[in-house]
Amino acid sequence: MADIVIRPRRAGMILVVLLAAFMLLLPDIAHAQAAAAPAAPSAASTAGGQPGAIERALNTISGDGRPLSLSLQILLLMSLLTVLPSILLMMTSFTRIIIVLSILRQAIGLQQTPPNQVLIGLSLFLSLFVMRPVIDQINTTAYTPYGNGQIGIEEAISRSGTVLHGFMMRQTRETDLRLFANLAGVQRFPSREAVPFSILLPAYVTSELKTAFEIGFLIFLPFLIIDIVVSSTLMSLGMMMLSPTIVSMPFKLLLFVLVDGWALTMGSLAASFGT
């Protein structure tokens, strides 16, 4: 019986995104093509019509360009999914958001409320909202042309890498870029687009951690003031055996509800990315 197959256009978006992220985690494979030759022809229109290395490998596995069998597609997708946590943590807005929400929970004094699952869910959906312009741009410039057969998979990966590179560069501090460039022995780059991912990735994560802690510090201040006032009041009343945390928590929750804290926090986080 013939092998069951999945249409390439149906699984194309998943393959393009995962392959792009996997290639970007390697030292500058995908972005080097776009930075060195931004006007280079696609893999589908190279000299002599010869496909790139990735396309040749996929054609060899699938059998002269025929669709991959279901088992091979599942194997390929499961292999690429192993790098998905690293992609989510290191190349999107997820890191900043989850750290700020965790600091907010600690500032209020609630150890397990909201639970970790809720915080992760909020971070995922807010990250999806923040990254929507990037996803739409990847869909327009990479996935749709690839699904229509206008470009090859290597060109789609290169275009996806260029879009992600632009997003990460906008969120990265110059000082962090300079730090890792000096550690790598690189003096300067001709342009921001020429910064390789091997330097951009650690610089981006460092900048995200700094920004998250700065936002967390500002969130912590009003709750810290409430703790200080409550502790001083209890000391002056001689209630040293009464825990200030228990007394201050209702006032913290009241303050957070009165200022519409969740909407303010989520909106400020989204706005911090320029969305």
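## Contacts of Thr211

A contact here means heavy atoms within 4.5 Å. In this predicted model, Thr211 touches Arg96 and Arg173, when residues up to four places away in sequence are not counted. Thr211 belongs to helix 11. Its relative accessibility is 14%, and because buried means under 20%, Thr211 counts as buried.

## Confidence and overall composition

The average pLDDT of the protein chain is 75, and 73% of the residues score at least 70. Two segments stay under 50. Over residues 1–12, pLDDT remains under 50, and the model has 17 contacts beyond four places in sequence for this segment. Residues 14–18 also stay under a pLDDT of 50, with 11 contacts beyond four places in sequence.

The protein chain contains 13 helices and 0 strands. Its pattern along the sequence is accordingly written α-α-α-α-α-α-α-α-α-α-α-α-α. Of the 275 residues in the protein chain, 39% are buried. Among contacts with a separation of 6 or more, 74% are between residues 24 or more positions apart.

## Helix 8 against helix 9

Helix 8 spans residues 132–147 and helix 9 spans residues 153–170; they pack at an angle of about 170 degrees, with their axes 9 Å apart. Because angles over 145 degrees count as roughly antiparallel, helix 8 is roughly antiparallel to helix 9. The crossing of helix 8 with helix 9 is right-handed.

On the helix 8 side, the contact is made by Val134, Gln137, Ile138, Thr141, Ala142, Pro145 and Tyr146. Helix 9 contributes Ile153, Ala156, Arg159, Ser160, Val163, Leu164 and Phe167. Classified by residue type, the contact of helix 8 with helix 9 has 10 nonpolar, 3 polar and 1 charged residues.

## Helix 6 and its two partners

Helix 6 packs with helix 7 (residues 116–130) at an angle of about 140 degrees, and the axes of this pair are 9 Å apart. Helix 6 and helix 7 make a right-handed crossing. From helix 6, the residues involved are Phe94, Ile97, Ile98, Leu101, Ser102 and Arg105. They meet Asn116, Leu119, Ile120, Leu122, Ser123, Leu124, Leu126 and Ser127 of helix 7. The contact of helix 6 with helix 7 has 9 nonpolar, 4 polar and 1 charged residues by class.

Helix 6 (residues 94–108) also packs with helix 12 (residues 244–258), at an angle of about 135 degrees and with the axes 9 Å apart. Helix 6 and helix 12 are therefore oblique to each other. Leu104, Ala107 and Ile108 of helix 6 make this contact with Met249, Lys252, Leu253 and Phe256 of helix 12. By class, the residues of the contact of helix 6 with helix 12 comprise 6 nonpolar, no polar and 1 charged.

## Backbone geometry in two loops

Most residues other than glycine have a negative phi, and most peptide bonds are trans. Two loop sites merit attention against that background. Thr113 and Pro114 are joined by a cis peptide bond, with omega at about -5 degrees. Pro114 is located in the loop between helix 6 and helix 7.

The second site is Asp260, which is not a glycine yet has a positive phi of about 55 degrees. Asp260 lies in the loop between helix 12 and helix 13 (261–272). With a relative accessibility of 47%, Asp260 counts as partly exposed.

## Residue pairs distant in sequence

Leu224 is located in helix 11, which covers residues 197–236. The relative accessible area of Leu224 is 40%, so this residue is partly exposed. Leu224 and Ile108 are separated by 116 residues in sequence, while their C-alpha atoms are 9.0 Å apart in space. Ile108 is also one of the helix 6 residues in the contact with helix 12.

Phe251 is part of helix 12. At 47% relative accessibility, Phe251 counts as partly exposed. Phe251 and Phe223 are 28 residues apart in sequence, and the distance between their C-alpha atoms is 9.0 Å.

Key: Residues are numbered from 1 along each chain as its sequence is written. This is a predicted model: local features need pLDDT of at least 70, side-chain atom pairs count only at pLDDT 80 or more; totals for chains, interfaces and linings use all residues. Side-chain values use heavy atoms; hydrogens and water are left out. pLDDT is the predictor's confidence in each residue, from 0 to 100. Axes are lines fitted to C-alpha atoms, for helices over the stretch in contact, and angles run from 0 to 180 degrees between N-to-C directions. Helices (H or I, at least four residues) and strands (E, at least two) are DSSP runs, numbered from the N terminus. Angles under 35 degrees count as roughly parallel, over 145 as roughly antiparallel, 65 to 115 as roughly perpendicular and the rest as oblique. A crossing is left-handed if the near helix is turned anticlockwise from the far one by less than a right angle, and right-handed if clockwise. Ala, Val, Leu, Ile, Met, Phe, Trp, Tyr, Cys and Pro count as nonpolar, Asp, Glu, Lys and Arg as charged, and the others, Gly among them, as polar. Buried means under 20% relative accessible area, exposed over 50%, partly exposed in between (1.4 Å probe, protein chains only).
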